[in-house]
Structure formats: structure tokens, C-alpha cells
Amino acid sequence: MNWKRFDFLRRDIGPVELDLVESYAKRRISRRDFVKRGTIVGLSAPFMGAVIAACGSDEESGGGDGAGGDTTTTTAGGGGTPTQGGNLILANQVGDSASGLDPVNMLDLGTYNVIAQSFEFLVGLGPDGNIAPAGASTGLATDWSPNEDGSVWTFTLRQGVQWQDGGELTSADVAATMDRLVVQGNAGLAGVIGEGSVDASDPGTAVITLLAPNGNFPVLVSIFNAQSVITPADYVDGTTLDERPTGTGPWKLDSFDPTTFVVRFVRNENWWGGSTILDSIELRGFNDLGTAVTAMSAREIDAMQSFTVIGGEGLLNDPNFTVLTPPSAAHRKLWFNVQQGNEFTDPRVRQALAYTIDRDQLINTLYAGRAVLANDHPVLDSLPFFPEGAVEQRSRDIERARSLMAEAGVDSVSAEINTGDIGEIPQMAAIIAQTAAEAGFNLTVREQSNSTFYGDAWCPGPAEGDETLPCNNSASIGIVDWGHRPVPDIYLTSGFQTGGVWNAANYNSADYDAAVSEYQSAVDVEGQKTALTKVVQQLHEDTPACFTSFWNYLSGHDNSVSGIQATALGHTLLSGASKSA
């Protein structure tokens with residue numbers, strides 16, 4: 001330990017950052033976890049490197065972030081010399097026609113990707129597939145830092161950023177954006193900030209006062225919270241990108257055909273990041289993943305937003321195709337409507353179904369092993385605050401399932417598993433139905449188009465006057481896709497807290513809500529771990545949903561393409577993309 005250097009480094013940082021630095025120095029957390037946590041609280045990469053050098057490195061050389069493991073790749077180079085100019089065509093998931101290109105109200109990964117070509121976030125994406133650290137930010141904020149208890153976060157805005165339809169980005173835009181997100185309640189910020197939380201008195205600085213301390217707040221205003229894109233101060237809720245083409249990003253909307261979901265962009269000549277290599281890009285909508293894979297195999301397109309192992313074997317084995325596997329906590333969530341209907345209102349019945357699932361079979365059949373085991377909660381075991389040993393790992397146990405059914409006084413349960421038509425989800429539902437039959441579950445699969453599924457089966461909308469039914473009359477059981485987030489906050493809040501906007505289970509537990517609030521308020525790793533122990537134990541006891549695995553998100557492109565960066569939340573960032581002759 002270089003004590004002189006260490007003391008020098010820690011003298012000008014705040015209490016939150018100091019606690020983290022000292023935790024690493026005392027080896028209470030690993031180097032990997034120090035870097036992950038330090039990036040969130042606003043430590044720069046050079047500062048963290050200096051701390052590691054002063055303390056002396058531990059034995060750990062790093063590790064995976066989710067299902068991608070040590071083989072994670074977020075950027076890849078192709079062959080040949082990049083050609084200046086040209087157009088790139090990317091196969092994109094068709095977006096929800098109900099919301100259109102609405103940056104505030106969008107729900108699907110296809111629209112997330114379209115919006116992120118023009119609009120940007122306070123906190124951007126780093127080369128390792130996580131958020132970029134302060135000082136090396138690819139977002140609209142160059143630096144951020146908390147006050148002593150994590151209740152106030154200060155973001156320094158990038159200077160000289162221009163809106164595509166005129167004017168300069170200021171903190172007033174950030175303030176108005178946050179207010180819109182609070183009103184709409186669609187970005188995981190409910191209960192975190194309120195209207196008027198942003199002090200915009202300095203045009204170059206956004207000071208955000210939270211309703212309670214939050215140790216992960218920068219992630220909630222990053223690329224991993226898709227609705228938190230910064231929109232202009234005079235933007236009106238409900239406005240779509242095609243109605244008002246603007247943004248601060250590298251690409252300007254040129255045309256949008258809502259019937260085919262083909263979206264074309266041209267270079268934004270005034271982008272703060274410089275000139276793109278490509279002249280234009282086209283995001284071409286595909287309803288059917290198999291059709292998209294066929295188009296990619298025939299090289300009718302240049303790149304894929306995403307594909308699955310089932311049906312994508314040809315791409316995985318194609319030597320002229322580059323596979324991207326960004327860090328992934330992406331999962332398929334099997335929810336139960338715990339309040340409405342009679343099938344799954346008893347937690348013992350929900351637990352029984354959880355014990356019929358053969359998780360290894362799902363991982364091997366649906367993902368060819370490209371996934372990691374989950375345990376009916378959405379917290380990855382690679383996170384610094386993972387509560388190891390908090391609950392027993394669930395596995396298939398038919399006798400236990402039958403015993404729970406008997407305790408509940410239920411001989412059999414008949415229900416439809418509702419799904420969208422995306423990826424391998426219908427096959428997943430069919431396997432779960434088959435393996436559950438042995439314990440007395442008579443389940444059939446009801447598959448809909450994904451755009452219909454969201455508003456019909458998943459979350460039709462809130463019940464008037466009853467906050468415990470945010471997804472009133474959601475299906476009694478269904479499977480929905482959730483994209484990657486580097487921390488589980490949105491999974492835990494929007495997905496399960498009382499009144500959570502995406503709480504299709506209509507789950508309502510005061511104990512759970514309190515444990516999640518405790519976790520969010522913690523600004524140290526040990527505090528987060530202690531609170532998450534309570535969270536996962538409550539989810540196991542109540543079983544409002546099943547989480548069987550976190551799967552490897554697969555994206556990719558032809559080897560003639562380089563410079564694409566993908567996230568497991570559906571983004572394919574093309575500002576650095578190029579094609580070779």
C-alpha cells in the first residue's frame with residue numbers, strides 16, 4: 001500500500017466516494033466491484049486506476065456482467081479498410097404501433113433503438129458495455145457526483161451541444177424532461193424524483209434533489225433507462241420523433257413508414273461527437289425473427305439488432321458474421337396476477353408452479369447453454385451487492401409442488417400462458433406448460449403479436465382509484481421480455497412495487513416496498529446487500545413471478561461492418577459504424 005499516494009487521492013472526494021475507496025483499500029470489495037460502483041458514483045477512470053495502483057491490485061482480474069460472462073463483446077471490428085460514406089441497413093424489431101416513436105411512452109426494444117439514434121442520455125455507454133465513467137462520458141453529462149448522503153446529484157453538462165431543430169442544450173431541457181417522466185411515471189423514476197426536482201439555475205449544470213437518497217441514480221438517467229432520453233424543454237408529452245424530428249444525437253430522422261416500420265436517418269452535421277463515417281442508416285422492421293435471419297444470411301441487410309439461438313444457429317456458425325454479446329441481465333419474466341382471478345391468488349400455488357420448472361432444460365433447449373441460472377428474483381450474482389445465500393436455489397421438485405397444491409386445497413389449475421410472438425418466448429411457454437402438467441397444471445399457450453400483447457395481456461392500464469392494480473385485468477399468467485439493466489432498480493420498482501407502472505402481477509406488499517426503498521437509499525455496498533437480502537427473500541416467499549435465467553443477448557453484423565456497439569436493452573449504436581469495400 002502506498003499510503004502517501006492513497007491519502008492524497010482521498011482528500012478531495014466526498015463521503016460516498018470515500019466510503020467506496022476505503023472499502024476497496026480494506027479489501028471488503030473486489031477490484032471489479034470497485035470499478036463498477038465507482039463508475040456509478042462518478043469516479044473517473046484515471047482516478048480509479050490511481051487508487052488501484054496505490055492500494056496494490058487484488059488477485060481478481062475482472063469478471064462477467066451477466067449472461068455474457070468473460071466472453072462479453074460490445075464492439076467489434078470487421079475486415080478491410082473502412083469506406084467513407086455509404087448506407088447501413090439493420091434488422092430491427094417492429095415497434096409498438098400504439099405508442100409510435102414516442103420517447104416518453106415507448107415500451108419495446110424496437111422503438112428504444114430508433115429513438116436512441118437521435119436522442120441521447122445524461123449518462124452514456126462505455127466500451128465495456130456498462131455506463132461510461134465520468135470524464136470519459138459518451139452522454140450529455142461529462143461528470144456527476146453525489147452529496148454526502150446520495151440525496152442530491154450534480155451533473156455537469158457537455159458544452160456546445162445543439163438541438164437538431166435549433167437551440168443549445170441547457171439544464172432547462174434536463175429539468176423539463178425529468179418533470180415529464182415524473183408525470184408519466186414510465187421511466188422507473190416514480191418515488192425517486194418529483195416535479196421540480198431539478199435546479200436549472202446554472203444552464204451548464206443540472207442539480208437533481210431526490211425524494212430520498214439513491215445510490216444508483218446515475219443509472220436511472222443513463223442509456224440503460226430507455227425513456228430517460230433528454231428531450232427539449234418545450235417538448236410536449238405524446239410528441240413523436242416523426243412529428244418533430246429533433247435530438248442531440250448523431251443521426252437525423254429522414255423518413256419513417258409506420259406500416260412497415262422502416263426508419264431512415266441521415267448524418268447530423270452538427271453533432272457534438274463529430275462527423276459519422278456513414279452517410280445514412282436504415283432500421284428495417286421485421287415482425288418475424290426467422291425472416292430477419294434469412295435476410296441476414298442472404299446479406300440483404302448488414303446487421304441485426306438481435307437474434308436468438310433458436311433459428312439463429314446459421315449466424316452463430318457463419319465465419320463471415322460477427323456475433324456481439326453485450327453484458328446481459330435480460331430475462332423472460334413469468335408473472336402471476338396475484339390479485340385478480342382465482343388461479344394464482346394463493347402464493348402456494350405460485351410456488352408450486354415454480355417448482356415444476358426445469359430451469360436447466362430451458363437453458364439448454366432455448367439458449368444452447370448461453371444463459372445463467374436465475375432464482376425467481378432479478379438480481380444477478382455478478383453484482384457487487386448480490387445477497388449470496390439469502391434464499392435456497394429453486395429446482396424442479398414435483399413432490400414439493402404437489403404438496404404445496406395440497407396445502408392450498410387445489411387439485412388442478414387450468415389457465416392460459418399469455419405471450420407475445422417475440423423470440424423464443426412461445427417455445428418457453430410450451431415447455432413450462434408441459435413440465436407443469438405432472439403437478440396438476442393444465443396450461444395452454446395463448447400467443448399474440450407483441451404489440452397487441454403489451455396492452456391486452458401484460459398491462460391494460462391502471463384501475464381507477466386503486467393504486468394496487470397498476471395493470472388492472474392483466475392475464476392471470478404470462479411471459480414478458482425484459483431488457484438489460486446494469487442494476488436491478490427498475491426490475492424491482494416498476495416491476496413489483498405497489499403501483500409500479502409495469503407491475504403486471506399487481507403485486508402489493510408493504511414489506512417488499514420498504515425493503516426496496518431501503519436498498520435504493522443505501523449508498524454503500526454492504527447496505528445495499530443487506531436490503532437486497534430482504535428483497536429476494538420476500539420475492540421468494542410471495543412468488544409474484546418466476547425468473548428462470550438471464551440469457552445471452554445476441555446481436556451482430558457482417559464482417560464487412562465495424563464499429564457497432566450493442567446493448568442488451570436493444571440499442572445498436574451506429575455513430576462509429578462503417579463498412580469496408
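## Nonpolar cores

In this predicted model, the largest nonpolar core holds 163 residues, and those touching the most other members are Phe34, Leu88, Leu122, Phe155, Phe217, Leu334 and Phe441. Helix H13, spanning residues 425-436, supplies the largest share of this core, namely 7 residues. Apart from it lies another core, made up of 14 residues, with Ile89, Ala91, Phe307 and Phe321 among them.

Leu88 can be followed further through its contacts: once neighbours within four places in sequence are left aside, leucine 88 is in contact with Leu278, Ser280, Ile281, Glu282, Asp302, Ala303, Val561, Ile564, Leu574, Ala577 and Lys579.

## Helix H3 and its surroundings

Helix H3 (residues 31-41) is largely enclosed by the rest of the structure, because 8 of its 11 residues are buried. The buried residues of H3 are Asp33, Phe34, Lys36, Arg37, Gly38, Thr39, Ile40 and Val41, and Phe34 also appears among the core residues that touch the most other members.

The cover over these buried residues includes the helices H2 (15-25), H4 (45-55), H7 (217-220) and H17 (525-542), together with the strands E4 (141-146) and E5 (152-157). After H3 comes glycine 42, which has a positive phi, near 105°.

## Packing of H2 against H4

Two of the helices that cover H3, H2 and H4, pack with each other at an angle of about 35°, their axes lying 10 Å apart, and their crossing is right-handed. On the H2 side the contact is made by Val21, Tyr24 and Ala25, and on the H4 side by Phe47, Val51, Ile52 and Cys55; by class, this contact has 7 nonpolar residues, with no polar and no charged ones.

Notes. Residues are numbered from 1 along each chain as its sequence is written. This is a predicted model: local features need pLDDT of at least 70, side-chain atom pairs count only at pLDDT 80 or more; totals for chains, interfaces and linings use all residues. Side-chain values use heavy atoms; hydrogens and water are left out. Buried means under 20% relative accessible area, exposed over 50%, partly exposed in between (1.4 Å probe, protein chains only). Helices (H or I, at least four residues) and strands (E, at least two) are DSSP runs, numbered from the N terminus. Contact means heavy atoms within 4.5 Å. Axes are lines fitted to C-alpha atoms, for helices over the stretch in contact, and angles run from 0 to 180 degrees between N-to-C directions. A crossing is left-handed if the near helix is turned anticlockwise from the far one by less than a right angle, and right-handed if clockwise. Ala, Val, Leu, Ile, Met, Phe, Trp, Tyr, Cys and Pro count as nonpolar, Asp, Glu, Lys and Arg as charged, and the others, Gly among them, as polar. A nonpolar core is a set of buried Ala, Val, Leu, Ile, Met, Phe, Trp, Tyr and Cys residues joined through side-chain atoms within 4.5 Å.
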